[in-house]
Amino acid sequence: MASLPAWYFDESRMAGIDFNDATVVEIFDRNQLSSTPQKEQDLVSQLGICSGHSVIELGAGTGTFAIQASLAGASVNAVDISQAMLTYAQHKAQKSGAINIKFHQAGFLSYKHEGDLANFLVTKASLHILPDFWKMVAFLRMASMLKPNGVFYLRDAIFSFPPAEYETAIDETIEQIAKREGEGWTAKDYEGHVREEYSTFSWIIEGMLRQAGFNISDVQYLTPTVAEYLCIKVA
Ligand SMILES: C[S@@+](CC[C@H](N)C(=O)[O-])C[C@H]1O[C@@H](n2cnc3c(N)ncnc32)[C@H](O)[C@@H]1O
């Protein structure tokens, strides 16, 4: 980090939940129902990841997706800013027999990819940690790590509701998806996300993706507050 300018974003000061705490990480792994082994295996198949492919995952968390990509035969670089997350993910990888994963303590704005450019870059439920300007910087960096025609998959808390309806959209979402304490993410967790983290409107994300050199080949607005994008790096 020594060579970075003084105005550069400090990724070690994470917005929202503190993922540097091992207890928080264990609870996170239990609550993260959008990232079960079955769901991640389905995503690996849907993306067409298989033997011989190289994959980068940014914000890899407890490693569930990275493990499934590795078990499918890919070589994986799993990147996360939190050492507690990486330690947990490494244990899980060992237990599952996934061997072809390199773990890196680094962030969207600091990971330096070495070796061949990747076939796939994936980031899920993590990019909302960055404010918009830095999301744009992150997209530019991601594009630079991918081969021409490489695939970029993004899923995150991204808002597709009409901006003027923000109050009802947020309230209704929390009402619909919040779970009771001990059964998953609670209303308090979602309130904290909206208040302290950086979800972005879909039309802004889409402009940024194009500016970074991606074609958006598919977009699914899974709910008014969660979207997924399949993008191809322009050759
Ligand atoms: C909500 S978790 C999502 C984890 C995983 N992708 C999933 O789908 O379950 C967000 C992750 O982003 C990581 N993170 C936070 N700031 C980051 C940054 N600047 N660069 C990379 N990862 C970061 C956190 O440590 C955490 O593991």
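This passage looks at three helix pairings and the ligand surroundings in a predicted model.

Start with helix H2, which spans residues 37-47. Its partner is H3, and the two pack with their axes 9 Å apart at an angle of about 55 degrees. H2 and H3 are therefore oblique to each other, since an angle that is neither under 35, over 145 nor in the 65 to 115 range counts as oblique. The crossing of H2 past H3 is right-handed. On the H2 side, the contact draws on Pro-37, Glu-40, Gln-41, Leu-43, Val-44 and Leu-47; H3 puts in Thr-64, Phe-65, Gln-68 and Ala-69. Sorted by class, that contact comes out as six nonpolar, three polar and one charged residues.

H3 (residues 64-71) also meets helix H4, which covers residues 83-96. Here the axes come within 10 Å of each other and cross at roughly 30 degrees, which makes H3 roughly parallel to H4. H3 passes H4 in a right-handed crossing. From H3, the residues involved are Thr-64, Ile-67 and Leu-71, and they meet Ala-89, Lys-92, Ala-93 and Ser-96 of H4. The mix in the contact of H3 with H4 is four nonpolar, two polar and one charged. Thr-64 turns up here as well as in the contact with H2.

Further along the chain, helix H6 (residues 166-177) packs with helix H7 (residues 187-196). Their axes sit 9 Å apart, at an angle of about 150 degrees, so H6 runs roughly antiparallel to H7. Once again the crossing, H6 past H7, is right-handed. Three isoleucines of H6, Ile-170, Ile-174 and Ile-177, make the contact with Ala-187, Tyr-190, Glu-191 and Val-194 of H7. By class, the contact of H6 with H7 holds six nonpolar residues, no polar ones and one charged.

As for the ligand, 21 residues surround it. The closest are Glu-11, Gly-59, Asp-80, Phe-108 and Lys-124. Asp-80 also has a side-chain N or O atom 2.6 Å from an oxygen atom of the ligand. Gln-32 brings a polar side-chain atom to 3.0 Å from a ligand oxygen, while for Ser-126 the distance from a polar side-chain atom to an oxygen atom of the ligand is 3.4 Å.

Notes: Residues are numbered from 1 along each chain as its sequence is written. This is a predicted model: local features need pLDDT of at least 70, side-chain atom pairs count only at pLDDT 80 or more; totals for chains, interfaces and linings use all residues. Side-chain values use heavy atoms; hydrogens and water are left out. Axes are lines fitted to C-alpha atoms, for helices over the stretch in contact, and angles run from 0 to 180 degrees between N-to-C directions. Helices (H or I, at least four residues) and strands (E, at least two) are DSSP runs, numbered from the N terminus. A crossing is left-handed if the near helix is turned anticlockwise from the far one by less than a right angle, and right-handed if clockwise. Contact means heavy atoms within 4.5 Å. Ala, Val, Leu, Ile, Met, Phe, Trp, Tyr, Cys and Pro count as nonpolar, Asp, Glu, Lys and Arg as charged, and the others, Gly among them, as polar. A residue is near a molecule or strand if one of its heavy atoms lies within 4 Å of it. A polar contact is a pair of N or O atoms within 3.5 Å; within protein, one must be able to donate a hydrogen and the other to accept it, and residues adjacent in sequence count only if both atoms are side-chain atoms.
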